[in-house]
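Student: I would like a close look at a single part of this structure. Please describe how its strands are paired and how its helices pack, in one connected account.

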Amino acid sequence: MRRAARRWWTAAAWAGGGLALFAFFLRISLGSRVDSDGANNALQAWDLVHGHVLLHGWVIGDATFYFFELPLIGIVELLLGMGNLAFHVASALTYLIVAVCAVALAVTDSRGPARAARCAVVVTVLATPLLTASSVTLLLEEPDHIGTSAFMLASFLLIDRAPGRRFTAPLLCVILCAGQLSDLTVRYIAVPAVVLVCGYRVLAARRLRSGDAALVVAAAASVPLESLLRAAMRHLGAYSMAAPGARLSPMRLWPQHAAATWLDVRTLYGAVVPPHTRLGSVGAVFGLACLLAAVFGLGRVAWTWRAARRAEQLLCVAIVFNLGVFLVSVFASAIASHEIAAVLPCGAVLAARACVPARITGMPQAFLAVTATALAALVPLAVAATRPPLRPAAAPLAAWLEAHGLTYGIAGYWDASVVTMQSGDRVQIRAVDIRNKKIFVPYWETNALWYNASRYDARFVVADDHLGTYPAAAFERHFGRPVAIYRVASWFVLIYRTNLLQQLEHYPNQLVPARASPPSYFELKTHARNSETSVLRVHSVSPGTGSRP
């Protein structure tokens with residue numbers, strides 16, 4: 001009875017800790033804004049849970065997040081409705097799941113106070129970057145490769161805990177296949193790590209018929225299996241994907257990329273002091289300590305490679321592959337920390353296992369270890385949670401459009417889907433591109449069906465006054481003089497009497513109909529700038545006021 005009661009108390013403590021951690025993540029997430037990148041994922045998730053399982057008509061970027069983030073966002077939207085709150089909740093849940101997977105790897109083979117201390121170290125490493133506003137956006141605000149680490153950590157956990165079971169190899173193949181379909185980062189990092197580590201163990205044991213050999217085969221088989229699954233989905237009319245931009249960079253740029261990679265690693269761990277950082281240089285020192293602990297953990301596994309557990313070896317190889325592929329690719333830059341996001345949770349596990357032994361003997365030592373690590377985890381969480389909640393920037397525009405019966409229109413990328421999500425899909429604004437003084441149907445994170453003029457009628461344009469990338473003058477040049485222009489907060493709303501979808505241009509070899517194919521080229525962000533101003537009279541209004549257009 002005592003043992004059963006102890007187990008119940010332990011389970012309750014872990015569950016309570018998980019709920020508390022989720023509450024912190026959610027509160028921190030509320031202090032940041034959701035932009036159109038995240039809003040597009042919210043719209044995809046909304047379609048997914050409302051029967052459009054194949055996301056027919058969607059043109060998605062080079063990562064779909066199809067098997068993790070999108071279903072999670074969709075389920076939350078079913079419960080809370082589409083909007084900012086649902087997205088913040090889903091983001092917090094994503095980061096919590098990543099943290100739980102990392103903790104499960106970190107506490108392997110530990111007992112009692114050591115488990116609690118290792119858990120606290122993992123939370124500390126994952127929480128410290130959240131002191132910086134830009135890192136909150138990177139890790140908490142939108143699917144941007146951090147959720148992909150859940151596939152890696154889950155596969156490494158499976159291999160470590162059940163390497164010789166009959167179900168391990170097939171289940172590993174499924175996890176890696178789903179991960180690759182969601183994000184090809186899994187193919188370039190997790191699959192090679194499994195093949196290399198398990199292949200090494202096969203050679204070291206000199207046994208071709210072993211559990212490790214089956215894992216090598218499963219990892220290798222996941223690559224063609226994912227390609228077949230993707231081809232089958234395409235045949236059934238599923239979403240299209242933009243052509244991936246991954247390629248090698250010239251060797252002469254690799255020294256510059258090495259410097260950029262080191263900066264990105266420090267940024268990822270919170271070891272820099274950018275603007276809007278809580279605790280300032282103290283927080284950066286905290287982040288540097290976490291980074292050094294991760295480096296120490298990496299070195300420890302490398303030094304004791306033969307005696308290291310499978311998970312430790314896999315984590316080390318995954319970090320090396322992630323950084324190595326990033327360094328020699330064209331993605332390496334000082335603002336691309338999201339491309340190596342998996343390095344953070346992997347390093348957190350290695351830091352916890354290196355800094356906290358599997359057993360802590362003696363009550364004073366155990367009390368000191370648990371108290372110190374718990375305080376180290378609580379400080380960044382509590383400080384980051386003091387950032388005040390932000391009101392959605394697009395809320396005034398969404399409210400004004402809905403109040404005036406303007407429910408379908410077009411706008412630039414950063415002002416389109418975010419308003420649609422903010423309004424709960426009651427106001428639908430579709431993104432357009434400006435290129436060579438013409439307005440084009442975009443081919444990045446949009447649904448081709450939205451631009452079908454026989455199904456939808458767009459009678460207004462939202463031009464930005466705060467970014468300057470989609471000015472009113474550019475729309476007037478293409479569509480002509482509107483019947484009225486209204487200024488709402490930092491936007492201009494241009495009203496027309498014709499369906500603007502009929503006047504949109506299409507990129508070469510790009511068609512709007514139902515089944516679209518990947519484009520030969522695209523632009524993620526349009527930076528066309530024009531300083532001209534409108535010649536029409538502008539009606540300045542406040543949200544919820546003004547005459548009906």
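Tutor: Strand 3 and strand 4 (residues 428-431) form a parallel pair over four bridges. In this predicted model, tyrosine 408 is placed opposite glutamine 428 of strand 4. Strand 3 covers residues 408-411, with Tyr408 and Ile410 pointing one way and Gly409 and Ala411 the other way. Such an arrangement follows the general pattern in which side chains of a regular strand alternate between the two faces of the sheet. Residues on both sides of strand 3 are buried: Tyr408 and Ile410 as well as Gly409 and Ala411.

A further sheet is open and consists of three strands in the order 2-1-7, with mixed pairing. Strand 2 (240-241) and strand 7 (446-447) are its edges; each has a single partner strand, so one side of each lacks a neighbour in the sheet. Strand 1 (residues 58-60) runs antiparallel to strand 7, and two bridges join them. Within this sheet, valine 59 stands opposite threonine 446 of strand 7. Helix 2 (residues 36-49) lies across both strand 1 and strand 7, and its direction makes an angle of about 135° with strand 1.

The helical packing can be followed from helix 10. The axes of helix 10 (residues 190-205) and helix 11 (residues 211-235) come within 8 Å, crossing at roughly 155°. Because of that angle, helix 10 is roughly antiparallel to helix 11. The crossing of the two is left-handed. On the helix 10 side the contact involves Val191, Val194, Val195, Cys198, Gly199, Arg201 and Val202, while helix 11 contributes residues including Asp212, Leu215, Val216, Ala219 and Val223. By class, the residues in the contact of helix 10 with helix 11 are 11 nonpolar, two polar and two charged.

Helix 10 also packs against helix 14 (residues 310-328), the axes coming within 9 Å and crossing at roughly 135°. Helix 10 and helix 14 are therefore oblique to each other. Their crossing is right-handed. Here Pro192, Ala193, Val194, Leu196, Val197, Tyr200 and Arg201 of helix 10 meet Arg310, Gln313, Leu314, Val317, Ala318 and Phe321 of helix 14. The contact of helix 10 with helix 14 comprises 10 nonpolar, one polar and two charged residues. Val194 and Arg201 of helix 10 take part in the contact with helix 11 and also in the contact with helix 14.

Terms used:
Residues numbered from 1 in each chain as written. Predicted model: local features only at pLDDT ≥ 70, side-chain atom pairs only at ≥ 80, totals over all residues. Heavy atoms only, no water. Axes fitted to C-alpha atoms, helices over the stretch in contact; angles between N-to-C directions. Parallel < 35°, antiparallel > 145°, perpendicular 65-115°, else oblique. Left-handed = near helix turned anticlockwise from the far one by under 90°. Contact = heavy atoms within 4.5 Å. Nonpolar A, V, L, I, M, F, W, Y, C, P; charged D, E, K, R; others polar. Buried < 20%, exposed > 50% of the residue type's maximum accessible area, 1.4 Å probe, protein only. Pairing = 2+ DSSP bridges.
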